[in-house]
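Student: I have a structure open and would like to talk through its cysteines, then its helix packing. Could we begin?

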Amino acid sequence: MSTTQQPLVLAAELALAWGDIQRHHSDLPNLAAPESLIGESSSACGTELGFERLLHEAAHGLAAARGIRDTSRAGRYHNRRFLALADELGLDHTADPHPSSGFSLVTMRPETRERYGDTIERLQRALGAHAAATSGAAGDRSGSFRGPATRHGSSGGGVRVKAVCDCGRNVRVVPSVLSQAAIVCGACGQPFRIADGPAASRS
């Protein structure tokens with residue numbers, strides 16, 4: 001499989017995994033742009049992409065659907081309302097809250113891992129194939145590849161910027177993700193683009 005196909009395959013697997021979570025949590029909204037999760041780590045949860053990270057994002061999804069303010073400090077501090085949602089999704093936070101990120105570092109309980117065992121295995125295979133394909137492509141260019149930042153806002157290309165579509169919707173995305181494959185808006189069917197000119201001023 002070519003490296004240009006890999007992001008699309010992984011995005012499809014992320015969408016399937018999200019759908020598996022929705023089967024247990026019916027009010028969880030759809031994942032609008034799974035591609036935006038590829039190639040970046042979350043500043044708040046501080047973890048690489050995987051099923052545990054997807055459950056973390058699902059907690060935020062439930063908060064949005066229910067009108068719950070689960071973070072503060074520009075989304076970095078995760079409060080006890082987030083922790084309650086994380087618990088609902090089968091995640092634990094056993095330590096005291098972190099001074100700057102609160103209850104963000106949640107982990108899967110054993111029964112959660114068992115419940116989603118097949119989903120986790122399928123997603124890990126897709127993540128492994130994606131990592132192997134992209135690291136191989138980097139080697140072919142005979143230069144050193146600097147991957148996305150492990151923390152939002154740090155150097156290395158992991159900073160998210162606003163991308164907009166023709167109907168005015170917007171998402172935050174790492175620019176390198178858009179360079180891998182288009183992120184298409186589910187409302188108007190047009191690709192999102194970096195908001196840097198007059199055409200993006202509507203948002």
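**Cysteines and helix packing**

Tutor: Cys 165 is buried, with 2% relative accessible area. Please keep in mind that this is a predicted model.

Student: How many disulfides does a search of the whole structure find?

Tutor: The search finds 0 disulfides.

Student: Which cysteine sulfur is closest to that of Cys 165, and why is there no bond?

Tutor: The closest cysteine sulfur belongs to Cys 167, at 3.3 Å, which is too far for a bond. A disulfide requires the two sulfur atoms to be within 2.5 Å. From the side of Cys 167, the closest cysteine sulfur is that of Cys 165, again at 3.3 Å.

Student: Is Cys 167 buried, exposed or partly exposed?

Tutor: Cys 167 counts as partly exposed, with a relative accessibility of 40%, whereas Cys 165 is buried at 2%.

Student: On to the helices. At what angle do α2 and α3 pack?

Tutor: Helix α2, residues 51-66, packs with helix α3, residues 80-88, at about 115 degrees. Their axes are 9 Å apart. The two helices are therefore roughly perpendicular to each other.

Student: Is the crossing of α2 and α3 left-handed or right-handed?

Tutor: The crossing is right-handed.

Student: Which residues meet there?

Tutor: From α2, the residues are His 56, Ala 59, His 60, Leu 62, Ala 63 and Arg 66. In α3, they meet Phe 82, Leu 85, Ala 86 and Glu 88.

Student: How do the residues of that contact divide into nonpolar, polar and charged?

Tutor: The contact of α2 with α3 has 6 nonpolar, 2 polar and 2 charged residues.

Note on methods: Residues are numbered from 1 along each chain as its sequence is written. This is a predicted model: local features need pLDDT of at least 70, side-chain atom pairs count only at pLDDT 80 or more; totals for chains, interfaces and linings use all residues. Side-chain values use heavy atoms; hydrogens and water are left out. Buried means under 20% relative accessible area, exposed over 50%, partly exposed in between (1.4 Å probe, protein chains only). Axes are lines fitted to C-alpha atoms, for helices over the stretch in contact, and angles run from 0 to 180 degrees between N-to-C directions. Helices (H or I, at least four residues) and strands (E, at least two) are DSSP runs, numbered from the N terminus. Angles under 35 degrees count as roughly parallel, over 145 as roughly antiparallel, 65 to 115 as roughly perpendicular and the rest as oblique. A crossing is left-handed if the near helix is turned anticlockwise from the far one by less than a right angle, and right-handed if clockwise. Contact means heavy atoms within 4.5 Å. Ala, Val, Leu, Ile, Met, Phe, Trp, Tyr, Cys and Pro count as nonpolar, Asp, Glu, Lys and Arg as charged, and the others, Gly among them, as polar.
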